[in-house]
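I am keeping these notes for a reader who has not met this structure before. Each entry sets down what I looked up and what I found.

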Amino acid sequence: REFSDFGPPLFARRRDVSDSERVMAGRWDNRLVTRFIVRASAFARSIERYDEIVHEGITFQIDGIKEVPEGRRAFIEVTAMSDEVA
């Protein structure tokens, strides 16, 4: 599948999921699992699971998208995985 840039860059907080969190979730493998928190906007709400995120040269496949309850739906959390090494 071919991807192209879509929309403006988004500023996000990135947090890599710890090994213990991955083991507890039953998802132990060699992938980098990361959570990105972005401010909710029309563009951020248009992100789909088949989209990809490129951050610091690493391409992530989206695994899940949900609204973060704090702040009255002001943020969206995107969980993504990559086979690439940081």
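Is Arg14 buried, exposed or partly exposed? I looked up its relative accessible area, which is 22%, so I enter Arg14 as partly exposed. I should say at once that this is a predicted model, and I read every value below with that in mind.

**Entry 1: the sheet.** I traced the strands next and found that 5 of them form an open sheet in the order S1-S2-S5-S4-S3, with antiparallel pairing. The edges are strand S1 (12-16) and strand S3 (52-55), each of which pairs on one side only. On average, and with direction ignored, neighbouring strands of this sheet are turned by 35° against each other. I then checked how S3 is joined to S4, and I counted 4 bridges between these antiparallel strands; His55 stands opposite Ile58 in S4.

**Entry 2: salt bridges.** The count comes to 6 salt bridges, and I followed some of them. Arg14 forms one with Glu56, where the closest N and O atoms are 3.6 Å apart. Because Arg14 lies in strand S1 and Glu56 in the loop between S3 and S4, this pair ties together parts that are 42 residues apart in sequence. Glu56 has a relative accessibility of 67%, so I note it as exposed.

I turned to Glu77, whose side chain meets that of Arg35 in a salt bridge at 3.8 Å, N to O. Glu77 lies in strand S5 and Arg35 in strand S2, so here too the pair ties together parts that are 42 residues apart in sequence. Glu77 counts as buried at 13% relative accessibility, whereas Arg35 counts as partly exposed at 24%. Glu77 also meets the side chain of Lys66 in a salt bridge of 3.5 Å, N to O; since Lys66 lies in strand S4 and Glu77 in strand S5, that pair ties together parts that are 11 residues apart in sequence. I also noted that salt bridges with shared partners join Arg14, Asp16 and Glu56 into one network.

**Entry 3: the nonpolar core.** I looked for the largest nonpolar core and found that it has 12 residues in all, among them Leu32, Phe36, Phe60, Ile62, Val78 and Ala80. Strand S2 (32-39), strand S4 (58-68) and strand S5 (75-82) each supply at least two residues of this core. I took Ala80 as one member to follow, and, leaving aside neighbours within four places in sequence, I found it in contact with residues including Leu32, Thr34, Phe36, Phe60 and Ile62.

**Entry 4: Thr34.** That list led me to Thr34, which lies in strand S2. Its relative accessible area is 0%, and therefore I enter Thr34 as buried. The side chains of Thr34 and Asp16 are joined by a polar contact of 2.8 Å. With neighbours within four places in sequence left aside, the residues in contact with Thr34 include Arg14, Asp16, Phe60, Val78 and Ala80.

**Entry 5: Val68.** I closed with Val68, whose place is in strand S4 and which counts as buried at 9% relative accessibility. Not counting residues up to four places away in sequence, Val68 touches Ile37, Arg73, Phe75, Ile76 and Glu77. I also looked up the C-alpha atoms of Val68 and Val78, 10 residues apart along the chain, and found them separated by 9.8 Å.

Technical notes. Residues are numbered from 1 along each chain as its sequence is written. This is a predicted model: local features need pLDDT of at least 70, side-chain atom pairs count only at pLDDT 80 or more; totals for chains, interfaces and linings use all residues. Side-chain values use heavy atoms; hydrogens and water are left out. A nonpolar core is a set of buried Ala, Val, Leu, Ile, Met, Phe, Trp, Tyr and Cys residues joined through side-chain atoms within 4.5 Å. Buried means under 20% relative accessible area, exposed over 50%, partly exposed in between (1.4 Å probe, protein chains only). Contact means heavy atoms within 4.5 Å. A polar contact is a pair of N or O atoms within 3.5 Å; within protein, one must be able to donate a hydrogen and the other to accept it, and residues adjacent in sequence count only if both atoms are side-chain atoms. Two strands pair if DSSP finds at least two bridges between them. Axes are lines fitted to C-alpha atoms, for helices over the stretch in contact, and angles run from 0 to 180 degrees between N-to-C directions. A salt bridge is a side-chain nitrogen of Lys or Arg within 4 Å of a carboxyl oxygen of Asp or Glu.
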